[in-house]
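Got the model open in your viewer? Here is a short tour, one selection at a time.

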Amino acid sequence: MAPGRSAALKLLGRDTGDSVMLFEETAPVGTDTTFHLHHVSDEVAWVLSGEITFKIGDEVTVCGPGTRAFMPRDVPHAWKSTGAEPGCVLFLYTPGRAGKTFEELLHRPVGSLSQQERVQVRERHGTEIVGPPPF
């Protein structure tokens, strides 16, 4: 992850029969993601602190503490930390398969995978990048 960005695995898919995976991410202001989708999992993001702007399909939604965004499977989405302070978000995948991307990547040293290897990890767990960050 980028400097200042961190994630803590809270509930692993293997602990729920792969029905749910949950992790908490802290993202410095300006952190964003690629436009991507999950073929096999729905995703819920619950904002704990800061402000996160989500693009889900063609819609843009701004969420603050205590609000959430739902990203259905096969719908492209991305997010950006847009507040005045770092954002903290609880992410949930159901079923938990898409979350296995994070379970696998977080156990690897930063910079230890090539871009192609990162793509292979995502594809293995049903995630596809469909474009650059849209913000």
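A salt bridge here is a side-chain nitrogen of Lys or Arg within 4 Å of a carboxyl oxygen of Asp or Glu. Keep in mind that you are looking at a predicted model.

**Stop 1: charged pairs**

Start by selecting Glu24 and Lys10: their closest N and O atoms are 3.8 Å apart, and the two form a salt bridge. Glu24 sits in strand β2 and Lys10 in strand β1, so the contact links distant parts of the chain, 14 residues apart. Both ends are partly exposed, Glu24 with a relative accessible area of 25% and Lys10 with 48%.

Now select Glu25, also in strand β2, and Arg5, in the segment before β1 (6–11). Their side chains meet in a salt bridge at 2.3 Å, N to O, and the partners are 20 residues apart. Is Glu25 buried or exposed? Glu25 is buried, at a relative accessible area of 2%.

Next, pick Glu104 and Arg124, a salt bridge with 2.7 Å between the closest N and O atoms. Glu104 belongs to helix α1 and Arg124 to helix α2, so this pair ties together parts 20 residues apart in sequence. Glu104 is buried at 19%, whereas Arg124 is partly exposed at 44%. In total the structure holds five salt bridges.

**Stop 2: the rings**

Switch to the aromatic side chains: select Phe23, Trp79, Phe91, Tyr93 and Phe102, which ring pairs link into a cluster. The count of aromatic pairs comes to five. Zoom in on Phe23 and Phe91: the ring centres are 5.2 Å apart and the planes sit at 20°, so this pair is stacked. Phe23 is in strand β2 (residues 21–27) and Phe91 in strand β9 (residues 87–94), so the pair ties together parts 68 residues apart in sequence. Phe23 is buried at 1% relative accessibility, and Phe91 is buried at 1% too.

**Stop 3: strand β3**

Select residues 35–38, strand β3: Phe35 and Leu37 are on one side, His36 and His38 on the other, and all are buried. Add strand β10 (residues 127–131), which pairs with β3 in the antiparallel sense over four bridges. Opposite Phe35 you'll find Gly131 in β10.

**Stop 4: the largest pocket**

Finish with the largest pocket, about 720 Å³ of space. Which residues lie nearest its centre? Select Arg5, Phe102, Leu105, Arg118 and Arg122 out of the 30 that line it. The elements giving two or more residues to this lining are β2, β3, β9, α1 (100–105), α2 (115–124) and β10. Colour the lining by type and you get 14 nonpolar, nine polar and seven charged residues.

Definitions and conventions
Residues are numbered from 1 along each chain as its sequence is written. This is a predicted model: local features need pLDDT of at least 70, side-chain atom pairs count only at pLDDT 80 or more; totals for chains, interfaces and linings use all residues. Side-chain values use heavy atoms; hydrogens and water are left out. Rings of Phe, Tyr and Trp (its six-membered ring) pair if their centres lie within 6.5 Å; planes under 30 degrees apart count as stacked, over 60 as edge-to-face and the rest as tilted. Buried means under 20% relative accessible area, exposed over 50%, partly exposed in between (1.4 Å probe, protein chains only). Two strands pair if DSSP finds at least two bridges between them. On a 1 Å grid over the protein atoms alone, a cavity is a set of points where a 1.4 Å probe fits but cannot get out, and a pocket is an open set with protein on both sides within 12 Å along at least five of seven lines; lining residues have an atom within 4 Å of a point. Grid points are joined across faces, edges and corners, and a volume is the space filled by probe spheres set on the points. Ala, Val, Leu, Ile, Met, Phe, Trp, Tyr, Cys and Pro count as nonpolar, Asp, Glu, Lys and Arg as charged, and the others, Gly among them, as polar.
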